[in-house]
Amino acid sequence: MTERGSLTVEGVVAPREGDGQRVAELETRLAQAEEALRSSNMKLRMALEIGRLGAWERDLESGEVTGTPAFRLYLGLPPEAKLTYADLQAMFHPADIERINQAIAYALRTRTDFNIEHRILKPDGSIGHVHVRGGIVFEGTKPVRFVGVLQDIRERQRLREEMDQAQRRQEFLLKLNDQISSIDDEYEIMEIASRNVSKLLKVDTAGYGEVYEDRGVIIVEREWSWGLITNEGKVEKIDRHAGPIIEALRRGEPAIINDVRSDPRLDDPALQALYSTINARAGFLVPIHKNGRFIAEFYVYSSTPRDWTSDEVALVEDVAERTWLAIEKVRAETKLREIEARFKLIAESLPALVWIVKPNLELTYTNERWVAYSGLPPEEALGHSWTAAIHPDDWVRMTEELKPVMANETPYTTEVRYRSKEGDYRWHIIRAAPVHNAATGEFRGWVGTSVDIHDLKLTEAALRVSEERLALAQRAAGIGVFDWDVPSGKVTWTEEQERLFGLDKGTFGEDFSSWEAAVLPDDLVPSNKAIGEALARHDPEINLAYRIRRPDGTVRTIDTIALFFYDDKGAPLRMVGVNIDITRYKEAEKRQNLLIRELHHRVKNTLATVQAIVGSTARTASSIDEFYQGFVGRIVSLARTHNLLTEDLWQKAALDDLVQTELGPYEDEARNRITIEGPPLELPSEAAVPIGMAIHELTTNAAKHGALSTFGGQVDVRWGIVDGERPMLHFTWVEHGGPRVGKPTRQGFGTRLLQRVLAAQLQAEVSMEFLEEGLRFSMRMPIPTGHPTFDPGM
């Protein structure tokens with residue numbers, strides 16, 4: 001052959017004139033084709049890399065499988081590895097082989113592409129998840145090879161599994177709530193929680209134990225084990241656990257054991273024997289802490305080694321908290337019933353009239369003693385009939401005394417005469433204490449007693465002693481009682497008082513120096529001043545609230561209620577009172593006020609936003625349908641933004657999430673229509689709402705009239721942060737590849753939102769360019785830190 005490939009064998013015609021020119025043309029076309037092929041291959045390679053795809057090809061005659069490095073990487077193979085289809089089949093997960101073969105057979109039969117997700121058994125023993133798409137190349141009617149791409153979808157599968165797991169966990173917790181919320185037996189609650197956790201986690205044993213560190217024991221009232229009868233209660237010593245494990249629980253951390261035999265914390269032979277006895281090879285314990293104390297634990301044990309996941313631990317922590325709350329609720333309700341029964345027993349046993357009145361002095365409860373004393377039928381003993389039994393002179397006085405008491409909802413003490421059924425008037429001392437709802441603080445009225453003191457009136461001294469004892473019994477309640485002898489300055493403190501102040505028994509001292517040393521300086525001066533002024537006014541009682549610092553450094557709020565006693569000349573003799581720790585009520589009050597203020601703020605802003613959206617949408621809509629579509633779209637956008645905000649307790653939302661929420665539905669499988677690029681940026685809620693709605697308007701406009709309304713159109717969204725005296729956000733939205741753009745003839749809601757609201761409320765510099773190739777929107781604004789009010793109606 002010649003250089004050009006012409007034959008020179010004798011008998012063959014030599015090249016004719018003009019053949020050289022045709023060869024040159026063919027060579028040129030060949031070079032162009034080769035260049036186009038190289039360009040195409042480069043584009044294909046870039047597309048595969050960007051899409052994280054591995055390309056492959058299978059020769060149906062030889063069985064050889066070839067592929068890109070990414071293809072081998074996703075299979076867990078080295079780059080130089082040789083691969084046949086038989087080798088590849090051996091890597092298919094046994095449970096997926098039949099489904100894979102069916103997909104390939106269907107593609108061959110119908111000459112269509114196949115698309116399937118399945119699992120891969122990698123050489124290192126791990127399991128991969130891949131998405132395979134491919135087609136068949138035919139020569140005539142004969143299939144000769146398969147070609148396609150493979151994508152690693154481990155992360156996608158992991159997210160699916162996490163979502164499924166989160167859903168199962170939520171369903172489990174909701175079901176558990178339904179089961180234990182209606183039960184009034186605390187032990188049954190423990191049993192149900194233990195059984196449900198055991199079945200869900202497929203463990204051998206689960207249980208709930210309450211910790212008594214002062215006694216050094218953990219009492220397990222209920223434990224549930226597979227195949228065994230429910231445990232009816234046992235007592236375990238705290239030191240049965242290894243030191244590091246119990247210390248972790250005391251710190252509020254879960255103690256996780258993946259394998260008892262290899263855990264260095266459990267190398268003590270006695271502990272190994274203990275866990276062997278209870279057939280526990282793995283497990284974990286989660287503590288419950290309340291008010292800084294380790295009070296309970298929830299535990300699970302498995303008879304085989306097991307690597308516990310954080311989600312399993314978090315689930316049991318949640319179950320433990322719910323179990324504790326349900327148990328405390330039952331105990332509180334039981335205690336309330338016992339208190340009510342005791343109250344009724346005491347009320348019927350006391351040698352006094354016991355009663356409860358509403359804020360308007362309507363009698364709603366009385367013991368049988370009042371019915372017997374007044375002679376009124378039970379149906380007439382309630383209401384306001386009791387006022388007719390008061391001596392007319394005393395009722396006139398009571399009417400005036402009760403005015404400030406009713407206005408200020410304060411305690412009340414007085415002496416009046418009641419008329420008996422025989423018509424005689426006898427002196428009674430009335431003591432009434434205000435009653436408030438423990439949860440809401442709502443004033444409910446007064447509870448009180450009317451004690452017959454007619455005989456005690458014969459001697460003032462006996463009456464004084466009786467009053468002191470009665471006041472002490474009713475007010476002190478055995479908590480923080482003190483008795484100050486004013487002339488001598490000596491103070492007597494009870495053990496409860498010393499415990500309340502965190503002092504050892506007998507260390508409070510015989511004067512007020514220990515008390516004054518514990519009170520915070522900011523509260524000591526006004527407290528002493530209030531006591532001095534009360535004594536100067538000859539007040540019968542005083543109520544103080546102040547803070548103390550205990551020796552361990554903790555600060556507590558104390559409520560003091562005290563009575564003063566004076567001699568005939570008005571000189572103070574004694575001060576007797578009680579101290580009560582009200583720290584938790586003060587903290588609860590602060591939290592409640594904060595939540596109420598925050599709720600008011602959020603509701604007002606949301607209502608203002610919706611109102612403005614309605615007005616603005618109505619002004620720009622030309623029909624009911626257009627109004628409906630625009631209004632619903634904007635409300636949905638507002639709801640999406642609020643969803644992002646509520647995930648962070650109304651503090652902030654990520655700009656990336658706002659953009660992804662709106663543009664995500666318009667992305668195609670190739671993921672080349674939308675570009676989103678920018679650094680992480682958290683926007684406060686007051687800025688997230690208008691910016692989120694602005695992005696919604698841009699997206700809606702692009703979908704209706706711009707780049708997202710036609711095939712091939714693209715949207716580029718980018719932002720950056722420029723540091724300076726105040727950080728600035730530079731945000732751009734660029735459309736191209738869509739229909740030609742012209743400047744709108746009228747200004748709608750979206751344009752007004754973009755050009756006016758952002759500029760006025762967020763101090764943003766907004767630019768909108770209606771270029772022929774597509775809309776270009778840009779915004780420069782200081783990153784907000786304050787609390788502007790969103791008003792899209794500007």
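**Group meeting: salt bridges, sheets and one helix in a predicted model**

I start with one contact: the side chains of Arg550 and Asp581 meet in a salt bridge, with 3.7 Å from N to O. By salt bridge I mean a side-chain nitrogen of Lys or Arg within 4 Å of a carboxyl oxygen of Asp or Glu. This pair links distant parts of the chain, 31 residues apart: Arg550 is in the loop between strand E19 (541–549) and strand E20 (555–566), and Asp581 is in strand E21 (residues 572–581). Helices (H or I, at least four residues) and strands (E, at least two) are DSSP runs, numbered from the N terminus.

Are these two residues buried or exposed? Arg550 counts as partly exposed because its relative accessibility is 21%. Asp581 counts as buried, at 19%. Buried means under 20% relative accessible area, exposed means over 50%, and partly exposed is in between, with a 1.4 Å probe and protein chains only.

Before I go on, a word on the source. This is a predicted model, in which local features need pLDDT of at least 70 and side-chain atom pairs count only at pLDDT 80 or more, while totals for chains, interfaces and linings use all residues. Residues are numbered from 1 along each chain as its sequence is written, and side-chain values use heavy atoms, with hydrogens and water left out.

Now the chain as a whole. It has 20 helices and 28 strands, and 38% of its 794 residues count as buried. The accessible surface comes to about 45,300 Å², and carbon and sulfur atoms hold 54% of that; areas come from the Shrake-Rupley method with a 1.4 Å probe, and for residues only the protein chains shown count as cover. Of the contacts with a separation of 6 or more, 53% are between residues 24 or more positions apart, where contact means heavy atoms within 4.5 Å.

Back to charges. How many salt bridges are there in the whole structure? The search finds 35. Among them is Glu61 with Lys142, at 3.0 Å from N to O. That pair also links distant parts of the chain, 81 residues apart, with Glu61 in the loop between strand E1 (53–59) and strand E2 (65–67) and Lys142 in strand E5 (residues 142–152). Glu61 counts as exposed, at 60% relative accessibility, whereas Lys142 is partly exposed, at 43%. Arg306 and Glu312 form another salt bridge, their closest N and O atoms being 3.0 Å apart, and both of these residues are buried.

Next, two sheets. Strands of a sheet pair through backbone hydrogen bonds, either parallel or antiparallel. Two strands are taken as paired if DSSP finds at least two bridges between them.

One open sheet has 5 strands in the order E13-E12-E16-E15-E14, with antiparallel pairing. Its edge strands, E13 (363–366) and E14 (412–419), each pair on one side only. Neighbouring strands here are turned by 30° against each other on average, direction ignored. Strand E12 (residues 352–357) joins E13 over 3 bridges, and Ile356 has Tyr365 of E13 as its bridge partner. Helix H11 (residues 392–408) packs on this sheet, touching E14, E15 (425–436) and E16 (443–452), and its direction makes about 155° with that of E14. For these angles, axes are lines fitted to C-alpha atoms, for helices over the stretch in contact, and values run from 0 to 180 degrees between N-to-C directions.

In the loop between E15 and E16 is Gly441, partly exposed at 44% relative accessibility. Its C-alpha atom is 9.7 Å from that of Glu589, which is 148 residues away along the chain.

The other open sheet has 5 strands in the order E23-E25-E26-E28-E27, and its pairing is mixed. Strands E23 (674–677) and E27 (765–771) are at the edges with a single partner strand each, so one side of each has no neighbour in the sheet. The average turn between neighbouring strands is 10°, direction ignored. Strands E26 (residues 728–736) and E28 (residues 774–782) run antiparallel and are joined by 7 bridges, with Val734 partnered by Arg776 of E28. Helix H19 (residues 685–704) lies across E26 and E28, at about 10° to E26.

Last, helix H7 (residues 243–250). Which of its residues are buried? They are Ile245, Ile246, Ala248 and Leu249. These residues are on the same side of H7 because they cover an arc of only 155° around the axis, the arc being that of the directions from the helix axis to the C-beta atoms. Their cover includes strand E9 (255–257), helix H8 (269–277), strand E10 (282–290) and strand E11 (293–302). After H7 comes Gly252, with a positive phi near 90°.
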